[in-house]
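Student: Could we go through this model together, one question at a time? I would like each answer to show its reasoning before it settles on a value or a name.

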Amino acid sequence: MLKTDISSFYDSISHEYLLSAISKQLSISNETDFMILFGKTLKFTTCYYSIVDGKLCETYNSQGIPIGNSAEGFIANIFLNEVDEALFNLGINFGRYVDDFRVFTNNKSEALKALIVIQEFLLKIGINLNSAKTKIIEAQEKIIEFIKDSKKAGGYEMLGEEEEDDQNNKKNKLNKTAIIKEIDSGKASNLDEKISPHQTEFIVIEDIDNEEKAKQFGKLLNEIKLGTKLEIKVFSKHIEWLYQLSKKYPKHWKLYSWLFVKFVSLDYSNDVQIISLKYLFKVFDDELINTFIKTRIIHHLVMPRKGALTYIERISTRTMLKERMIEHLTKLMKISCIALQLNCIYAYYLLFKDHRQLQDFVSKSLKRPIAEPIQQAVYQIGSLCYKGSPRLVSFEEILEESEIEDESEGFLFQ
């Protein structure tokens with residue numbers, strides 16, 4: 001079995017080749033109004049901060065298609081149809097899901113031939129295979145084992161945990177008048193209480209000395225069920241490890257960013273929430289931690305939850321926490337990352353629900369010119385506020401229009 005996929009598929013799709021494929025396969029001339037309009041929709045503006053001169057730049061892309069609108073899979077199938085036909089005509093047994101290929105042959109030489117055929121046709125349309133994810137598996141038992149492991153892995157572990165959280169919230173809707181449990185370090189839980197400790201195979205952080213072990217550690221933390229009573233000393237040690245590993249192994253930023261937010265959940269004890277928030281703020285302060293982790297953490301804090309308030313609304317019901325969050329949002333807005341800034345804007349909106357204050361926040365935090373996606377986000381929030389929309393605008397809707405060092409816990413939560 002040959003397994004392979006395309007490197008940065010959606011980002012690498014050439015507009016010229018895509019329009020040519022649609023024109024050929026649907027028998028539509030490139031000069032028709034539909035094709036001209038479709039070509040224009042592909043050329044969205046890309047905004048970015050230049051590392052060379054630090055300035056805000058804008059450009060029109062000539063490759064890459066937007067995802068998340070349910071059309072990308074259909075477009076991908078049209079774009080890769082010629083590759084499918086070539087494999088089919090050569091009698092090669094294969095399966096493809098978007099850019100993910102599986103080819104089954106009788107021997108290794110046939111698998112290598114299929115690999116060359118796929119690569120040849122991909123190069124014709126300006127894309128390339130991902131060599132790091134290309135592998136030939138020869139023994140039948142290993143193929144069966146690989147397929148079983150693939151089924152077990154499914155989606156990304158972090159997503160499964162979040163979906164479970166949303167389902168629990170949907171079944172047991174929170175009373176929104178009681179937004180957050182009383183977090184009071186003066187009333188900390190009894191540490192001698194019989195608790196269910198979470199176990200890992202790692203005794204000291206030095207045991208986690210490579211990428212795979214770092215991923216495994218994150219998966220072990222993610223497998224802790226919501227509401228599990230954790231031994232505070234063990235949890236405190238492991239969240240400190242997570243903080244250190246975030247700097248050493250930033251490759252796992254998606255999973256790690258969720259874990260910093262996960263344990264702020266009301267399902268865990270006050271002590272666990274206190275420790276989690278402490279390290280969450282430390283991540284924001286640490287310049288050595290990847291910007292993507294900070295961006296994703298803010299995103300998790302502001303993401304709407306079914307039947308419940310967002311995380312940031314829950315924790316900001318305490319005055320001290322709200323002030324700390326505003327302080328960090330203000331600092332994070334200074335980082336030249338549009339994705340991070342967009343998340344901070346929505347977080348600020350959720351804290352105040354006041355469009356005028358949001359405008360002042362953006363105006364004071366960003367240099368001119370302000371990126372177009374940020375202008376659109378602020379405008380969209382304002383238009384909904386002006387219309388008196390009774391519902392809370394979702395972060396996804398906005399994006400359509402446009403992951404404490406010396407202070408004591410007592411001081412933090414007083």
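Tutor: Let us begin with a definition: buried means under 20% relative accessible area, exposed means over 50%, and partly exposed covers what lies in between. Please keep in mind throughout that this is a predicted model.

Student: With those classes in hand, how does Glu-327 count at 33% relative accessibility?

Tutor: The class called partly exposed lies between the limits of 20% and 50%. Because Glu-327 has 33% relative accessibility, Glu-327 counts as partly exposed.

Student: Which side chain meets that of Glu-327 in a salt bridge?

Tutor: The partner lies, like Glu-327, in helix H15 (residues 319–332), and the two are three residues apart, about one turn of the helix. In general, an α-helix has 3.6 residues a turn, so residues three or four places apart point the same way. The N to O distance is 3.7 Å, within the 4 Å that a salt bridge allows. The partner, which counts as buried at 11% relative accessibility, is Arg-324.

Student: Which residues are joined into one network with Arg-324 and Glu-327?

Tutor: The network arises from salt bridges that share partners. Besides Arg-324 and Glu-327, the residues joined in it are Asp-285 and Lys-331.

Student: How many residues apart in sequence are the parts that the pair of Asp-286 and Lys-247 ties together?

Tutor: The side chains of Asp-286 and Lys-247 meet in a salt bridge with an N to O distance of 3.0 Å. Asp-286 counts as buried at 10% relative accessibility, whereas Lys-247 counts as partly exposed at 28%. Because Asp-286 lies in the loop between helix H12 (270–285) and H13, and Lys-247 lies in helix H10 (residues 232–248), the pair ties together parts whose separation in sequence is 39 residues.

Student: Is helix H13 largely enclosed by the rest of the structure or largely open, and does its length agree with expectation?

Tutor: At 1.5 Å a residue, the 12 residues of H13 (residues 291–302) should span 16 Å, and the end C-alpha atoms are 17 Å apart, which agrees. At the start of H13, a side-chain oxygen of Asn-290 reaches to within 2.8 Å of the backbone nitrogen of Phe-292. The buried residues of H13 include Ile-293, Ile-297 and Leu-301. Because nine of the 12 residues are buried, H13 is largely enclosed.

Student: Which residue forms a salt bridge with Arg-96?

Tutor: The closest N and O atoms of the pair are 2.8 Å apart. The pair links distant parts of the chain, with Arg-96 in strand E4 and its partner in helix H5 (residues 81–89), 12 residues apart. That partner counts as buried because its relative accessibility is 15%, and its name is Asp-84.

Student: Which are the edge strands of the sheet that contains E4?

Tutor: Four strands form an open sheet in the order E4-E5-E1-E6, with antiparallel pairing. Within the sheet, four bridges join strand E1 (residues 2–5) to strand E5 (residues 100–104), and Thr-4 stands opposite Phe-101 in E5. An edge strand pairs on one side only, and the edge strands here are E4 (93–97) and E6 (135–136).

Student: How many disulfides are there?

Tutor: A disulfide needs two cysteine sulfur atoms within 2.5 Å. For Cys-57, the nearest cysteine sulfur, that of Cys-47, is 9.6 Å away, and for Cys-337 the nearest, that of Cys-344, is 9.1 Å away. The count of disulfides comes to zero.

Note on methods. Residues are numbered from 1 along each chain as its sequence is written. This is a predicted model: local features need pLDDT of at least 70, side-chain atom pairs count only at pLDDT 80 or more; totals for chains, interfaces and linings use all residues. Side-chain values use heavy atoms; hydrogens and water are left out. The expected span of a helix is 1.5 Å times one less than its number of residues. Buried means under 20% relative accessible area, exposed over 50%, partly exposed in between (1.4 Å probe, protein chains only). A polar contact is a pair of N or O atoms within 3.5 Å; within protein, one must be able to donate a hydrogen and the other to accept it, and residues adjacent in sequence count only if both atoms are side-chain atoms. Two strands pair if DSSP finds at least two bridges between them.
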